[in-house]
Amino acid sequence: LNWFEHVGGRTLAIGAGFGRYCDFIGRLILDVFAFVTGRSQLRKRDFVALLQATGPQALGIVSLLSFLMGLTVAFVGVVQLQQFGADVYVADLVGIAMTRELAAVMLGVIMAGRTGAAFAAQIGSMRVNEEVDALTCFGISPMQFLLLPRVFALTLMMPLLCVCADV
């Protein structure tokens, strides 16, 4: 292939990927709307298990990494602020930096790596075992049954975990 064909193929692939992404987000929005209007429902037992997995089970790693990030900021800050005789402001530096930016960013990275990978592995193994196809055959929307509870669980738990990371 010459260079132009390669660039054209990559451009078409990127466009197709963006189209699939937009389709996914559109379906998710429609399923959220169906849930809000009462045309779909969540299984309470599964939803509580997902809340447990995204919230309390993640609290340990979130707390540990937030504490270590605060320690790192404090160490770097005290070394730099000592040069100006302002090392008494290290606590303010850590508090403001963690509360404004670092806690939320670190929480997003942790949850994407830990919980996102776990969700992807679960749904991927269900796809391989043809469980997703079985749901479709039974007339159950895989988006409503598998994805919507996970999205709601993360939406509910992320602010609570962010408060814990700030503390």
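Guide: A residue is exposed when its relative accessible area is over 50%, buried when it is under 20%, and partly exposed in between. Keep in mind that this is a predicted model.

Visitor: Is E130 buried or exposed?
Guide: E130 sits in the loop between α4 and α5. Its relative accessibility is 54%. The cut-off for the top class is over 50%, so E130 counts as exposed.

Visitor: What is the phi of E130?
Guide: Most residues other than glycine have a negative phi. E130 is not a glycine, yet its phi is positive. The value is about 65°.

Visitor: Which elements make up the protein, from the N terminus on?
Guide: The protein has zero strands. Its helices number six. From the N terminus on, the order is therefore α-α-α-α-α-α.

Visitor: What radius of gyration does the protein have?
Guide: A compact globule of 167 residues would come near 15 Å. The C-alpha atoms here fill a box of roughly 70 × 55 × 30 Å along the principal axes. The protein does not match the globule figure: its radius of gyration is 22 Å.

Visitor: What share of the 167 residues is buried?
Guide: The protein exposes about 11300 Å². Carbon and sulfur atoms supply 69% of that area. As for residues under the 20% cut-off, their share of the 167 is 25%.

Visitor: What percentage of the contacts with a separation of 6 or more comes from residues 24 or more positions apart?
Guide: A contact needs heavy atoms within 4.5 Å. Take the contacts with a separation of 6 or more, then keep those between residues 24 or more positions apart. They account for 77%.

Visitor: How far apart are the centres of the positive and negative side chains?
Guide: The protein has 11 positive side chains and 11 negative ones. Each set has its own centre, and the two centres lie apart by 9 Å.

Visitor: W3 and F4 form which kind of aromatic pair?
Guide: The protein has two aromatic pairs. In this one, the ring centres of W3 and F4 are 5.2 Å apart and the planes meet at 75°. Both W3 and F4 are exposed. Planes over 60 degrees apart set the class, so the pair is edge-to-face.

Visitor: What class does the pair of F35 and F152 fall into?
Guide: This pair links distant parts of the chain: F35 is in helix α1 and F152 in helix α6, 117 residues apart. The ring centres lie 5.0 Å apart. The planes stand at 50°, so the pair is tilted.

Visitor: Of F35 and F152, which counts as buried?
Guide: F35 has 29% relative accessibility, so it counts as partly exposed. F152 has 16%. The cut-off is under 20%, so the buried one is F152.

Visitor: Which residues does T115 touch, not counting those up to four places away in sequence?
Guide: T115 is found in helix α4, residues 90–128. At 2% relative accessibility, T115 counts as buried. The residues it touches are T54, I110 and L154.

Visitor: What separates the C-alpha atoms of V132 and F145?
Guide: V132 lies in helix α5, residues 131–137, and counts as buried at 8% relative accessibility. Leaving aside neighbours within four places in sequence, V132 is in contact with M126, R127, P142 and L146. F145 is 13 residues from V132 along the chain, and their C-alpha separation is 9.7 Å.

How values were computed
Residues are numbered from 1 along each chain as its sequence is written. This is a predicted model: local features need pLDDT of at least 70, side-chain atom pairs count only at pLDDT 80 or more; totals for chains, interfaces and linings use all residues. Side-chain values use heavy atoms; hydrogens and water are left out. Helices (H or I, at least four residues) and strands (E, at least two) are DSSP runs, numbered from the N terminus. The radius of gyration is taken over C-alpha atoms; the globule rule is 2.2 Å times the number of residues to the power 0.38. Buried means under 20% relative accessible area, exposed over 50%, partly exposed in between (1.4 Å probe, protein chains only). Accessible areas come from the Shrake-Rupley method with a 1.4 Å probe; for residues, only the protein chains shown count as cover. Lys and Arg count as positive and Asp and Glu as negative; His and the chain ends are not counted. The place of a charge is taken as NZ of Lys, CZ of Arg, CG of Asp or CD of Glu. Rings of Phe, Tyr and Trp (its six-membered ring) pair if their centres lie within 6.5 Å; planes under 30 degrees apart count as stacked, over 60 as edge-to-face and the rest as tilted.
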